[in-house]
Amino acid sequence: MTTEPAVHLQRTLTRELPGHEGQTVRLQGFLHARRDLGGVQFLVLRDRSGVAQCVGSGLSLPLPESSIEVVGKVKAHPKAPGGFEVQVESLRVLTAAVEPPPVEIPKMEWNVNPETMLDYRVVTVRGLKERAALKVQAELVAAFRDHLTAEGFTEISTPKIVSAGAEGGANLFPIDYFGHPAYLAQSPQLYKQIMVGVFERVFEVAPVYRAEEHATSRHLNEYLSLDVEMGFIESEEDVMDLETRLLGAIMTRLRERAQAEFQLLGATIPDVPARIPRITLMDARKLVTEKYGHPVGGKDLDPEAERLLSQHYAEEEGTDFVFVTKYPRAARPFYAHPELNADGTVNPEITRGFDLLFRGIEITSGGQRIHDHAMLMDSIASYKLNPESLTGYTEVFKYGMPPHGGFAIGAERLTAKLLGIANVRYARAFPRDRHRLTP
């Protein structure tokens, strides 16, 4: 059954059907699912707002995922999505799919054939759960921008082609820049510090690139970094306080704008305490070892230690968040500000760096940065870095940089942990890991 376009009717979204009971509406979207039961045909139409069940007879249904238009009367139906269905009066195919999708989108699950789902991501990303994760991330990023703007921050945009890494090391993607060596930026860190001298408070939402050869469920080689830097602070405590307020604002927006997505995915939006608990790294290592019998080696917490520490705070204080503070210098980059002793002298072994754990995984790395030029140059030398390669950064510290600090949140990792997604790749529309350059 087809007709000419129903131009006299305004388009109705599927989420608006409850307000149109008994009325004739015009829906446009994708043919999400279809079935034929003895001459009575059921189809599920998907648009940007949700899905709607449509029922008719004598319909010539195209292949799934075709773009279609349905005109029909809205009727209450307790078993239909949203409690309403559309009795089809006419069906028009806007663009017919030329072959069936490589996977049945309504039946997809993240734990089934994960590589196949990523191979055909241009189609699988249309799935209700897949797009729900991306919608949550979009609201998360919007809340990030809105709250920081309200606190006097200015959004900036920094180069993604750079001459040197912000953190040193070998995890850089080299590129040829008109015959000169260059790299994809692993962080906007150095630039956002420079911009503190301009706006005092800055943030950026942009991709970063890490040439790290791990293939885990928690790492990406390109991810969306939510970066913050603020000047005129007393210590890293001010930075942690800011992040606490920011996370509270993000969760508030998610409750207001993304409840349907959380319900679809069976996830809960966490409460952010007025003050997120804080524990030094050394005390955290001791707690995990003594309480859970898990020895912690190296200079940081390993993934199991992060999980156990989070378990402790969930059980003892009822929170999904915990700051781990006072990281050793060996575990932090050259620009990390050293801790000060009670007499004001520098403690060269400890920094004012912190991580934020959420539900058993690190989602933030941050801290206070060095703002004194002489101290910064000494730190660069002690890390055996080439000061000439950092001249464009270090020059600004000759001209009165204030005490400052900041942090960065990995948007995909936070999204995945909020929604209970086991693999961070499904929290990005088109993920890039060590094995994947397409689609």
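The following dialogue reads several features of this predicted model.

Student: In what order do the eight strands of the open sheet lie?

Tutor: One reads a sheet by following its strands from one side to the other. Here the order is β6-β10-β11-β18-β17-β16-β13-β12, and the pairing is mixed.

Student: Which are the edge strands?

Tutor: An edge strand pairs on one side only, and here these strands are β6 (154-155) and β12 (278-280). Helix α7 (residues 281-292) packs on the sheet, where it touches β12 and β13. The direction of α7 makes about 90° with that of β12.

Student: How many bridges join β12 to β13?

Tutor: Three bridges join these two strands, which run parallel; β13 comprises residues 321-325. Within this pair, isoleucine 279 stands opposite valine 324 of β13.

Student: Which strands does helix α11 lie across?

Tutor: Helix α11 (residues 411-419) lies across β11 (222-231), β16 (353-358), β17 (361-369) and β18 (404-410). Its direction is at about 55° to β18.

Student: Which residues of helix α9 are buried?

Tutor: To read a helix, one may look down its axis and note where the buried residues point. In α9 (residues 373-382), Leu376, Ser379 and Ile380 are buried. The buried residues of α9 fall within an arc of 100° when seen down the axis, and therefore they line one face of the helix. That buried set packs against α10 (391-394). On the other side of α9, Asp378 and Ala381 are exposed.

Student: What is found at the start of α9, and what just after it?

Tutor: At the start, a side-chain oxygen of aspartate 372 comes to within 3.2 Å of the backbone nitrogen of alanine 374. Just after the helix, lysine 384 has a positive phi of about 60°.

Student: Which residues touch the most other members of the largest nonpolar core?

Tutor: That core has 54 residues, and those with the most contacts to other members are Leu226, Leu247, Met251, Leu254, Phe262, Leu418 and Leu419. Beyond its neighbours within four places in sequence, phenylalanine 262 is in contact with residues including Val136, Ala267, Thr268 and Ile269. A second, separate core of 17 residues includes Val25, Leu31, Ile68 and Val74.

Student: Is glutamate 339 buried or exposed?

Tutor: The general step is to compare the relative accessible area with a cut-off: buried means under 20%. Glutamate 339 has a value of 16%, so this residue is buried. Glutamate 339 belongs to strand β14 (residues 338-340). Not counting residues up to four places away in sequence, glutamate 339 touches Lys326, Thr345, Val346, Asn347, Ile350, Thr351 and Arg352.

Technical notes: Residues numbered from 1 in each chain as written. Predicted model: local features only at pLDDT ≥ 70, side-chain atom pairs only at ≥ 80, totals over all residues. Heavy atoms only, no water. Pairing = 2+ DSSP bridges. Helix = DSSP H or I, 4+ residues; strand = E, 2+ residues; numbered from the N terminus. Contact = heavy atoms within 4.5 Å. Axes fitted to C-alpha atoms, helices over the stretch in contact; angles between N-to-C directions. Buried < 20%, exposed > 50% of the residue type's maximum accessible area, 1.4 Å probe, protein only. Arc of directions from axis to C-beta. Polar contact = N/O pair within 3.5 Å; in protein donor to acceptor, adjacent residues only side chain to side chain. Core = buried A, V, L, I, M, F, W, Y, C linked by side-chain atoms within 4.5 Å.
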